[in-house]
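Reader: I have just opened this one and could use a guide. Can we go through it piece by piece?

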Amino acid sequence: GRGAAYVSREVKGMKTVLSFVACIGLCQALYFHIAETEQKCFIEEVPAETMIVGKYKTELYEPTRAGWIPTTPGIGMHVEVKNPQNKIILSRQYAAEGRFTFTAHDAGEHVICIGTNSTRWFGGSKLRVHLDISIGDHTVDYAQIAAKEKLTELQLRIRQLLDQVEQITKEQAYQRVREERFRHVSESTNARVLWWSLGQTIVLILMGVWQMRHLKSFFEAKKLV
């Protein structure tokens, strides 16, 4: 999926929104800092029927050590995911370290928001959240599949290639939908520009006719013509 900008809004104080670009079939790793009243949001634009897996780990800032330490028990994260229709498809409390998984049944932008589950645990200190998001075939643990199904290296490689081809097919289908949507928007915009130009032309013609008649009446009143 490809990232896009997201408009910030307030939730329980300040809610900071981040957007980042993620390519299909790749893992995106990053970390960010979060305060007690903050929530970070990301946008993932993916084709339909695409699995997304997020793995995260939190660290707590320790002022006395001026560094980051593992979080204490009780600190957790709340993850909320909305589909392109702005409907919540995942809303769940998690521990300080873990993973969340969901399948994007609808193509388009999915908003992933991550925030703390409480404001009482870390007393104003900041949390550092390490986040890895995997999309498409990279959400599959092929080593586990090979061990479970007793696949040879060649069979496993063929399995990976088939999954990649399937993901590419989904992406191509979604790109065609996006192109069609963009074409409709372009055609609508061009039609509006055309009608606006025609409207301006008609107004200018009417103004010219009115001015000519007004000048003619003026000259006739002054007996200049």
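Reader: Let's start on the surface. About how much accessible area do L154, I158 and L162 have together?

Author: Keep in mind that this is a predicted model. L154, I158 and L162 form a nonpolar patch on the surface. One of them, I158, is found in helix α2, which covers residues 153-221. Taken together, the three have an accessible area of about 310 Å².

Reader: Is I158 buried, exposed or partly exposed?

Author: A residue counts as buried under 20% relative accessible area and as exposed over 50%. I158 has a relative accessible area of 42%, so the right label is partly exposed.

Reader: Helix α2 came up already. Which salt bridge partner does R159 have?

Author: R159 lies in helix α2, and the partner sits in helix α1 (residues 142-149), so the pair ties together parts that are 10 residues apart in sequence. R159 is partly exposed at 29% relative accessible area, and the partner is partly exposed at 43%. The closest N and O atoms are 3.1 Å apart, and the partner is E149.

Reader: And K170 with E166: about how many helical turns separate them?

Author: These two form a salt bridge, with the closest N and O atoms 3.9 Å apart. K170 is partly exposed at 21% relative accessibility, and E166 is partly exposed too, at 45%. Both are in helix α2, four residues apart, so the separation is about one helical turn.

Reader: What about K40, which residue does its side chain meet in a salt bridge?

Author: K40 counts as buried, at 8% relative accessibility. The partner is buried as well, with a relative accessible area of 9%. Their N to O distance is 3.8 Å, and the partner is E38.

Reader: How many salt bridges does the structure hold?

Author: We have met K40 with E38, R159 with E149 and K170 with E166. These are among the total for the structure, which is five.

Reader: Now the disulfide. Which strands hold C41 and C113?

Author: A disulfide joins C41 to C113, with the sulfur atoms 2.1 Å apart. C41 and C113 sit in strands spanning residues 39-46 and 108-116, so the pair ties together parts that are 72 residues apart in sequence. Both cysteines are buried. In that order, the strands are β3 and β9.

Reader: Is that disulfide right-handed or left-handed?

Author: A disulfide is a covalent bond between the sulfur atoms of two cysteines. The torsion about the S-S bond of C41 and C113 is about 105°, so the disulfide is right-handed.

Reader: How far apart in space are V79 and C41, C-alpha to C-alpha?

Author: V79 lies in strand β6 (residues 77-82) and is buried, with a relative accessible area of 1%. Leaving aside neighbours within four places in sequence, the contacts of V79 include C113, I114 and F100. V79 and C41 are 38 residues apart in sequence, but their C-alpha distance is 9.7 Å.

Reader: And G115, what is its C-alpha distance to G76?

Author: G115 lies in strand β9 and counts as buried at 5% relative accessibility. Not counting residues up to four places away in sequence, G115 touches I34, E38, Q39, G76, M77 and H78. G115 and G76 are 39 residues apart in sequence, and in space the distance is 8.7 Å.

Reader: On to the hairpin of β4 and β5. Which residue there takes a positive phi?

Author: Strand β4 (residues 50-62) and strand β5 (residues 67-70) pair in the antiparallel sense over four bridges. One bridge has E62 facing its partner G67 in β5. Four residues lie between the strands, and the one with a positive phi, near 55°, is A66.

Reader: β4 also pairs with β10. How many bridges join them?

Author: Strand β10 (residues 127-135) is mostly covered, with seven of its nine residues buried. G54 has I133 in β10 as its bridge partner. The two strands run antiparallel, and the number of bridges is nine.

Reader: Last one: how many helices and strands does the protein chain have?

Author: From the N terminus on, the elements run β-β-β-β-β-β-β-β-β-β-α-α. Of the 225 residues, 33% count as buried. The count is two helices and 10 strands.

Key:
Residues are numbered from 1 along each chain as its sequence is written. This is a predicted model: local features need pLDDT of at least 70, side-chain atom pairs count only at pLDDT 80 or more; totals for chains, interfaces and linings use all residues. Side-chain values use heavy atoms; hydrogens and water are left out. Patches are made of residues with over 30% relative accessible area and no salt bridge: like charges are joined within 9 Å, nonpolar side chains (Val, Leu, Ile, Met, Phe, Trp, Tyr) within 5 Å. Accessible areas come from the Shrake-Rupley method with a 1.4 Å probe; for residues, only the protein chains shown count as cover. A salt bridge is a side-chain nitrogen of Lys or Arg within 4 Å of a carboxyl oxygen of Asp or Glu. Buried means under 20% relative accessible area, exposed over 50%, partly exposed in between (1.4 Å probe, protein chains only). Two strands pair if DSSP finds at least two bridges between them. Contact means heavy atoms within 4.5 Å. A disulfide is a pair of cysteine sulfur atoms within 2.5 Å.
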